[in-house]
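Grab a pencil and have a look at the protein below. We'll work through a few exercises together, one step at a time.

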Amino acid sequence: MDEPSPPADPPTNQFGSLNDVAHELASLEDLASRGSWRSILDKVSRARSLNLLSNPHDHLIYLTYNVLALSKLRRFADASTDLDTLDDFNSHYYKYETYPQLYPNRSGSMLPFSLRFIHAQLPIKLGNRQEGLDRFYRLLNFIRQKIKEKESNNLHDSVKIWKRRENFVLNCLIGHHLGDKEFILCLDLIKDMINRDYLDPLLVSKLGYIQMQIGDIEGAKGSFNHVETMLNEGKNDGYSFLSEVQFRNLVNRNKALVYVVGKDYVSAVREYEECIERDHTDVVAINNKALCLMYLRDLSDSIKVLENALERVPTRALNETLVVNLCSMYELAYVNHSEIKRTLNNWVVHVAPDDFDASCIRV
């Protein structure tokens with residue numbers, strides 16, 4: 001599945017629309033939401049060649065979209081080259097107070113947070129994992145310094161934004177350590193946050209997932225029970241990304257995972273169905289319900305679950321993980337699976353975003 005996007009810099013109250021923030025920003029946002037990354041590259045190239053970017057922050061915002069689009073299209077070397085055109089991120093060139101005529105009464109960095117995140121992520125994509133992890137930890141320290149500054153000035157809304165960014169970067173770090181089975185590091189990161197009364201239900205759930213991977217099933221059940229208690233007591237600290245529906249579905253998915261580990265697939269399906277009834281776009285629940293049906297040797301229904309999801313909510317359901325699972329089910333269920341997968345591939349070509357990796361269909 002695609003990696004999540006970092007929390008964005010929202011327009012402040014002085015701007016009426018996205019286009020007031022930067023040149024044709026609304027158009028860039030729309031293209032990004034539709035996965036039209038090649039169109040973004042064209043738009044950035046045109047704006048640069050026609051000198052349409054008159055202000056320093058316009059150049060930085062368009063650079064961010066260009067680097068993001070290149071990364072989405074897996075052109076990581078090109079993205080890194082584009083990013084290298086910047087000097088030190090803390091340079092005075094990227095501060096509002098350097099241009100008082102353009103930005104009266106504004107101070108601080110105009111560098112979008114997304115650019116800092118991509119800067120940390122790119123070395124990992126280019127095979128230099130240690131450099132990427134070092135950048136992520138430096139970014140985490142930078143965020144925590146910002147949180148202290150905002151708290152000392154009683155800027156509560158800014159504190160909330162930066163804590164959401166801390167949560168996001170921390171989850172990315174945990175994901176990278178999990179990928180290399182560095183479970184102790186993951187546990188240390190999570191417990192450090194929990195010890196500081198940072199009670200994010202996603203983070204506590206992730207603690208449960210790690211405990212399961214190291215065989216501590218009872219510890220995982222305890223973590224999942226704690227998440228459910230947080231839901232029942234209305235504890236969602238405001239720095240989480242979860243709505244109430246998402247929170248409830250998280251609890252159900254955690255319960256289902258315990259059932260899956262115990263090979264009680266019928267009970268797991270029941271939990272996933274409750275999620276889907278509450279939110280028909282919950283792709284994790286949809287995918288896992290289909291897998292449980294497959295384990296119950298009900299290939300016909302498992303295929304229907306995934307096909308119906310692709311038909312109903314293609315923009316949410318169309319990801320490589322779900323499609324790989326569907327193709328595996330085709331291969332198990334049908335003799336003529338190659339023809340069926342070609343039909344799926346033809347449909348994907350017309351509806352998929354530019355960054356979808358069609359090789360997962362295995363035609």
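Three exercises follow, all on this predicted model.

**Exercise 1. What is the secondary structure of the chain, and how does its radius of gyration fit the globule rule?**

Step 1: Go through the elements: the chain has 18 helices and zero strands.
Step 2: Take the radius of gyration, 22 Å, and set it beside the 21 Å that the globule rule gives for 363 residues. The two values are close, so the chain is as compact as a globular protein of that length.
Step 3: Add the burial: 45% of the 363 residues count as buried.

**Exercise 2. Work out how helix 4 and helix 5 are arranged relative to each other.**

Step 1: Find the two helices: helix 4 covers residues 56–72 and helix 5 covers residues 76–83.
Step 2: Look at the geometry: they pack at an angle of about 160°, and their axes are 7 Å apart.
Step 3: Angles over 145 degrees count as roughly antiparallel, so helix 4 and helix 5 are roughly antiparallel to each other.
Step 4: Check who touches whom. Helix 4 brings Leu 63, Asn 66, Val 67, Leu 70 and Ser 71, while helix 5 brings Phe 76, Asp 78, Ala 79, Asp 82 and Leu 83.
Step 5: Sort these contact residues: six are nonpolar, two polar and two charged.

**Exercise 3. Is Asn 66 buried or exposed?**

Step 1: Locate Asn 66: you'll find it in helix 4.
Step 2: Its relative accessibility is 8%. Buried means under 20%, so Asn 66 counts as buried.
Step 3: Now see what surrounds it. Beyond its neighbours within four places in sequence, Asn 66 is in contact with Leu 41, Val 44, Arg 48 and Asp 82.

Terms used. Residues are numbered from 1 along each chain as its sequence is written. This is a predicted model: local features need pLDDT of at least 70, side-chain atom pairs count only at pLDDT 80 or more; totals for chains, interfaces and linings use all residues. Side-chain values use heavy atoms; hydrogens and water are left out. Axes are lines fitted to C-alpha atoms, for helices over the stretch in contact, and angles run from 0 to 180 degrees between N-to-C directions. Helices (H or I, at least four residues) and strands (E, at least two) are DSSP runs, numbered from the N terminus. Angles under 35 degrees count as roughly parallel, over 145 as roughly antiparallel, 65 to 115 as roughly perpendicular and the rest as oblique. Contact means heavy atoms within 4.5 Å. Ala, Val, Leu, Ile, Met, Phe, Trp, Tyr, Cys and Pro count as nonpolar, Asp, Glu, Lys and Arg as charged, and the others, Gly among them, as polar. Buried means under 20% relative accessible area, exposed over 50%, partly exposed in between (1.4 Å probe, protein chains only). The radius of gyration is taken over C-alpha atoms; the globule rule is 2.2 Å times the number of residues to the power 0.38.
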